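Okay, thanks for squeezing me in. I'd like to walk you through one domain interface today, so let me put the model up.

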Amino acid sequence: MSSIEHFSHEDITKKNRLFSNIRSVIETAFYGNNVTRIRHLADAYALAKKSPGTITTDLSVAHTNKLQLPTDSKVLVTNDGNIVGRTAAARRIVGQEGIDADFYSELLREAVFQSRDKQFYSGDVLVGLDEEFTVKAHLMLPADYSPNLYSYLLNFQIGDAKHHFYQESKAINTGDLFLFADPDWQHPDFPDGVVVIDPKHNCAGILGLRYFGELKKATLTLAWATAHRNGFIACHGGMKQYLLENKKYTMAAFGLSGSGKSTITLAKPKNKGEVHVLHDDAFVISKDKGSTTALEPAYFDKTQDYPMTSEQIKYIVTAQNVGVTLDEDNKKVLVTEDIRNGNGRSIKSRYATPNRVDHIAEKVDGLFWIMKDDSLPPLIKIEDPSLAAIFGATLATKRSTAENIVGEKSDQLVIEPFANPFRCYPLQEDYQDFKELFEKQQTACFILNTGDFKGQKVTPEQTLSSIEKIIDGSASFKPFGPLDKISYLPVKGHEPNFDSQHYLLHLMSRLETRLAFVQSRKTFQGGYDRLPNEAEQLLLGLLDQLNSYKETINL
């Protein structure tokens, strides 16, 4: 699949649903005299290197020839100010209740006009790395932010004629993605900036926000929405395939940044066999075939676990919001591990993971919801498709430093359906898509708690070894108390105690939190994210089972 960039004169009409006033405002800006199109990564690197805020380290970029970069390219560092994460409160989705498209069209018109005296650069990328799903995206932003354009072209696949899969893919009736960004924009009514997303017309305006992740996630938001409209399941997660002696096992892990999603996806197997890694953040699943396609070639990874001694450092191409110091050879190198600030980040090339693939033809065998819910042991299995979808729709976790949080505490437990805060269509549609995946594709469902349980941290080693037991078939599950079609994998030090009133009440409290969320969706934003009635009824059924069991141990 590919998107439409050029239109016949007969198709350029107000009757064509691919056009809107917001899209026209944003796309038109790309053709101004103040915009220079950057067609090659080498040119983007040169501009980013010359940018006043850039630090050129003495760390060499690996695989420069394959990345279409100069052979002497160095890792470039840029740092933002106070805000070093995504600002969810800034997002405005056209089509949702209370979002006045005409108001935001006027806001964007004025923003484009006020920026006319500034020099802008633009670049084109492909989002989706296989002919089964791929669309073209265009970004423009001020010349002062050329390092972000360079990182953007690295993070996605720069669009050029070498990518035959795009030319050979079947066109779908959707326009290219267009994104206009001006980080310097200010408005008294929007002190936190604003991200205007028009998903039906594949365009976005990102105003007053410097953080690179805003560009990446706005692009993915539009691509995921396009995929959703065209027979795919939009996935904010990681995907890999185990290659064992006698079988293959394809697994997906869904979680917010900081949940362990990347650690799980990129981990090498301790036992026999190898893995193919699709991606650790963004992919789509074909509802018809069950196959998966990665949306990005590179990795926008947190650097908190990568000291200078880490092997991963050599795959970094750019870094954001990290420190720089001099080593014993007077070379400028990185200060990572979030010493400077939270959420230090880097663009790592695809070569950070051996056996990287862009498409997996086989269906998904196991799907893992990653939570930080201290009422759950490290690994749980859900055997009912509806219940599996419900736990995905009520995925409980904690915010991380990847987000600039406005109006809530960073350590409080929150519900983030399917670990995807970038959805721009009704939640019920994702619920039905995942339920069908469990039913029709016979995908198994598991929950991973990567937080604390009974006051003790669940370690990455415990999580990874539990997953490998499932992969190699050695996992032996026990009933999860009285709850039907739910079982858990015993992990030393993390056994649930169903004879404990305290534990039962705590588990019930967490289920009540999920129930309250489901019930709140009936009225929130006019019921835009209302779930089917079965979601509420099944959660009530779990609570009834626990309450009845609790009464028996009181006797």
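**How domain 1 meets domain 2**

So, the layout to begin with: domain 1 covers 9–231, domain 2 is made of 234–286 + 365–554, and domain 3 is 309–344. Keep in mind that this is a predicted model.

I'll stick to domains 1 and 2. Taken over C-alpha atoms, the centres of domain 1 and domain 2 are 32 Å apart. The contact draws 26 residues from domain 1 and 26 residues from domain 2.

How much area do domain 1 and domain 2 bury between them? About 2100 Å², with 57% of that on carbon and sulfur atoms. On the domain 1 side, the residues losing the most area to domain 2 are Arg86, Trp224 and His228, and together they make up 38% of what that side buries.

Now the polar side of things. Two salt bridges turn up across the interface of domain 1 and domain 2. There are also seven residue pairs in polar contact across that interface.

And which elements does domain 1 use here? Strand 5 (91–93) and helix 6 (212–229) each supply at least two residues of the side that touches domain 2. Helix 6 gives the largest share of that side, eight residues. By type, the residues on the domain 1 side split into twelve nonpolar, seven polar and seven charged.

One more pair to look at on screen: Lys217 makes a salt bridge with Asp281, and their closest N and O atoms sit 2.6 Å apart.

That's my bit, happy to rotate the view for anyone.

Note on methods: Residues are numbered from 1 along each chain as its sequence is written. This is a predicted model: local features need pLDDT of at least 70, side-chain atom pairs count only at pLDDT 80 or more; totals for chains, interfaces and linings use all residues. Side-chain values use heavy atoms; hydrogens and water are left out. Domain bounds come from an automatic or database domain assignment. Contact means heavy atoms within 4.5 Å. Buried area is the accessible area (1.4 Å probe) that two parts lose on being put together, summed over both. A salt bridge is a side-chain nitrogen of Lys or Arg within 4 Å of a carboxyl oxygen of Asp or Glu. A polar contact is a pair of N or O atoms within 3.5 Å; within protein, one must be able to donate a hydrogen and the other to accept it, and residues adjacent in sequence count only if both atoms are side-chain atoms. Helices (H or I, at least four residues) and strands (E, at least two) are DSSP runs, numbered from the N terminus. Ala, Val, Leu, Ile, Met, Phe, Trp, Tyr, Cys and Pro count as nonpolar, Asp, Glu, Lys and Arg as charged, and the others, Gly among them, as polar.
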